[in-house]
Amino acid sequence: MKSDVEELMPRLLPVESCDTEEYNSTEPPRNPQEYLRQVQREASLCPDVVVAQIDPKKLKKQSVNVSVSGFSPSLKWQQQQVSKFSEVRQSVNKHSQHWKSQFLDDNVVMPKMEDEDGWKRFCLGENVCLDIQLKEDDNVNPGLDYIKTGFPPFLSIVSKLNQSTISAVLEYLINWFEERDFVPQLGRWLYALLACLEKPLLPEAHSLIRQLARRCSAVRANLESKDDERLSALNLMICIVARYFEQNDLADKE
């Protein structure tokens, strides 16, 4: 008895029979009919069920979205943030052409796209990347040493990034976040990069923002207090990914 797939084949790929000569499947097809016969033959050899070989190591970073009672925001708050984020994106799009034509200061040297370590230092600063503990005087008057503190995501900087670079930098920062704690510099850059990310999302960007939301949920699940200064930023990242970019399965529910 033919399988369901075989029964559908004549209707999906109609092939006229050919009695004048023997078709040799080992040779390249010479005409459309032979090509369709070859496709049918290859399809008939495919097993009905295929089991994927999954590398367990690649699943280590996967985690479920965790909503902690009292730590996740209200639906009204989420809607407000999505509205504000939409306005920011419109503003960035409106003014990006102007800032793209502006020259950067001499001290702003943007790394090449493939320089992961360079981008981490550029965005987060050497103090964070090298885990340098600031002295008390530095906390009081940090100055504008962007090499140490990281360059803020000025519009004059992010407007010069194409979509490939935006995705690359987003990946570098999320990879850093997978192994480290949430810091203000990281939050600023993630927000800015998401504001510049064009829709519809490319598959790579889609995977990255979901990874970001999961990581934020995991960090939030370990917070001990509502007063933790990281909570608002973590909620905001989850909200943007889930509500604005429509990854609804990751959204906080009321």
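Which side chain meets that of Arg121 in a salt bridge? In this model, which is predicted rather than determined by experiment, the partner is Asp117, and the N to O distance between the two side chains is 3.1 Å. Both residues belong to helix 4, where they stand 4 residues apart, a spacing of about one turn of the helix. Arg121 counts as partly exposed, with a relative accessibility of 29%, and Asp117 likewise counts as partly exposed, at 46%.

The background to such contacts is simple: side chains of opposite charge can pair when their charged atoms come close. The structure holds 7 salt bridges, and some of them are worth following one at a time.

Helix 4, which covers residues 116-124, also contains Lys120 and Glu116, again 4 residues apart and thus about one turn of the helix from each other. The side chains of Lys120 and Glu116 meet in a salt bridge, with 3.2 Å from N to O. How do these two partners stand with respect to the surface, buried or partly exposed? Lys120 has a relative accessible area of 16%, and because buried means under 20%, Lys120 is classed as buried. Glu116, by contrast, has a relative accessible area of 28% and is therefore partly exposed, a class that lies between the 20% and 50% cut-offs.

From helix 4 the reader can turn to another part of the chain, where Arg220 forms a salt bridge with Asp252, the closest N and O atoms being 2.8 Å apart. Arg220 lies in helix 11 (residues 203-221), whereas Asp252 lies in the segment after helix 12 (231-244), so this pair ties together parts that are 32 residues apart in sequence. Both Arg220 and Asp252 are buried. Salt bridges with shared partners occur as well, and they join Asp117, Arg121 and Glu126 into one network, which brings the account back to the pair of Arg121 and Asp117 with which it opened.

One further residue of helix 11 deserves a look, namely Ala221. Ala221 has a relative accessible area of 31% and is for that reason partly exposed, since that class runs from 20% to 50%. Where does Ala221 stand in relation to Ser72? Although Ala221 and Ser72 are 149 residues apart along the chain, their C-alpha atoms are separated by 9.7 Å in the model.

Notes. Residues are numbered from 1 along each chain as its sequence is written. This is a predicted model: local features need pLDDT of at least 70, side-chain atom pairs count only at pLDDT 80 or more; totals for chains, interfaces and linings use all residues. Side-chain values use heavy atoms; hydrogens and water are left out. A salt bridge is a side-chain nitrogen of Lys or Arg within 4 Å of a carboxyl oxygen of Asp or Glu. Helices (H or I, at least four residues) and strands (E, at least two) are DSSP runs, numbered from the N terminus. Buried means under 20% relative accessible area, exposed over 50%, partly exposed in between (1.4 Å probe, protein chains only).
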